[in-house]
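Open the model in your viewer and keep the selection panel at hand. The stops below go from one residue pair outward to a sheet, and then to the empty space inside.

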Amino acid sequence: MVRSVVLSALAAALSATAVYAAIPTCGPNNLCPEATPCCSQYGQCGVGAYCLGGCDPLFSHSLTSCVAAPVCKSSDYKLTSLSDITPNTQYLGDSSKASWVSSGTPVVYQDNSLLLTMAPNTVGTLLSSTHYVWYGKISATMTTSQGAGVVTAFIMMSDVKDEIDFEFVGVDLEHVQSNYYFQGITDYGNGQNLAVSNTVQNVHTYTLDWQPDYITWSIDGRVVRTKNRNETWNATAQQYHFPQTPARIMLSLWPAGLPTNGQGTIDWAGGLVDWNSPYMQNGYFYAMVKDVNVQCYDPPTGYNNSGSKSYVYNSRAGTNDTIAVTNQNTILASFQATGEDPSKNPNAQSSSAAASSPSAGASKSSSAAASASTSAAPETVPGVSGAGNRGEDTSGVQSGGSGSAATGSSSSGSGSSGSGFSQGTTPSTSDAQRMRFVQGGSVAVVVVALGAVLFL
């Protein structure tokens, strides 16, 4: 079973690497082209799943290229089966049919929890919520994996790469790393280690309480860290570098310790992954998740309210005052559709033609299949990395204080401290700041895919 999964993953990786050079990329001053309008969280352009969760509206062809995101839904998700999980190769945006999207191989364990698995030559497993959270209290009851190079994560990630993290490095079972980012900007002063008893042997509940004015990180109901928004003022950018846009919940197990990764990432992860490790069971590393509890908060005062079903961005600034709650559609008709053309469905057209003229329909279907197999066909499902904003390779990065070469200095307490929408006088992040994340994310996916192939 595991072997077949590995072979399938490798086949996909080999296919992806064969056509990778043809995939358009996206980033600052480099929007996706009209034919492949959606910029994935990894900095590549495509259609279909590229336009769903993780689609970055700031670098897509237009603000309507990405499909609107389903609004927050308060619920206690008991992860005891796969019935509420849809693979990312099948999910088309209907959050009423699935609460989670998976990549990799989640496995049911004793009918009371799920295992996030990571077999050799794979990039692990990622579960992402279909509903977004725009402020709320989110808890995950779980254990972690262990071993050098093995990282377990419970994070919140927005489409413009605002991020709040719990990350667990497999060589340190007595600490969890807490972190936060604004629009993917790497700031090495944001992280903080939190003490916890053995994360593998003991089941703990980790909680993120995300308010417009502050974030708290809690373990088993005890607050262990607080970050106030007014402490995140960046004097250089004249902005609060505070997570503030609708985010998905992500649970992942991923191999940070691949030889193809940067040395800083490998060192952070405790070394290279040992694919013959005694910590593997049934041929894979694993982390266990029993329950995810979501309590949605009201949107911040003054938000743009024109509906109740979905979140959209109305500006490329990507801040909380550019979010609107609308009734816009969240569902695509096919993996060839986009937010600009959500009803596009070549398969339905082929079926209709085949019904009226079977021989002609068969010819068109064969032609479409041949076209889809070429490098010119748009990509429909983006590559996968379980990582959040893991920017620990500090070569070439200035250190000192809470700023960096990319972010400039930070002056805590400056600017307004209210819960409204004030972002200072410059509500957009510089291209240089965001480029560091987008390029890193794009490269990481390719490196991981190639690394999987090289391990054979």
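Select methionine 156 first: in this predicted model, methionine 156 stands opposite isoleucine 164 of strand 12. Now extend the selection to residues 150-158, which form strand 11, and to residues 163-169, which form strand 12. These two strands pair in the antiparallel sense, over seven bridges.

Next, show the whole sheet around them. Strands 11 and 12 belong to an open sheet of eight strands, ordered 5-6-9-20-11-12-13-14, in which the pairing is mixed. To find the edges, select 85-87 (strand 5) and 192-195 (strand 14); each of these pairs on one side only. From one strand to the next, the twist averages 20 degrees.

Now turn to the cavities. The structure has three of 30 Å³ or more, and the largest has a volume of about 410 Å³. Select Ala49, Leu52, Gly53, Val101 and Arg248: of the 32 lining residues, these are the closest to the centre of the largest cavity. Then colour strand 3 (69-70), strand 6 (100-103) and strand 9 (125-129), each of which supplies at least two residues of that lining. By class, the lining has 17 nonpolar, 13 polar and two charged residues.

Where does the largest cavity lie with respect to domain 1 and domain 2? Colour 21-68 + 328-343 as domain 1 and 71-321 as domain 2; both give residues to the lining, so the largest cavity lies between them.

Last stop: the second largest cavity, with about 50 Å³ of space. Select its lining, which includes Lys73, Tyr77, His131 and Val294. The lining residues here divide into five nonpolar, three polar and one charged.

Terms used. Residues are numbered from 1 along each chain as its sequence is written. This is a predicted model: local features need pLDDT of at least 70, side-chain atom pairs count only at pLDDT 80 or more; totals for chains, interfaces and linings use all residues. Side-chain values use heavy atoms; hydrogens and water are left out. On a 1 Å grid over the protein atoms alone, a cavity is a set of points where a 1.4 Å probe fits but cannot get out, and a pocket is an open set with protein on both sides within 12 Å along at least five of seven lines; lining residues have an atom within 4 Å of a point. Grid points are joined across faces, edges and corners, and a volume is the space filled by probe spheres set on the points. Helices (H or I, at least four residues) and strands (E, at least two) are DSSP runs, numbered from the N terminus. Ala, Val, Leu, Ile, Met, Phe, Trp, Tyr, Cys and Pro count as nonpolar, Asp, Glu, Lys and Arg as charged, and the others, Gly among them, as polar. Domain bounds come from an automatic or database domain assignment. Two strands pair if DSSP finds at least two bridges between them. Axes are lines fitted to C-alpha atoms, for helices over the stretch in contact, and angles run from 0 to 180 degrees between N-to-C directions.
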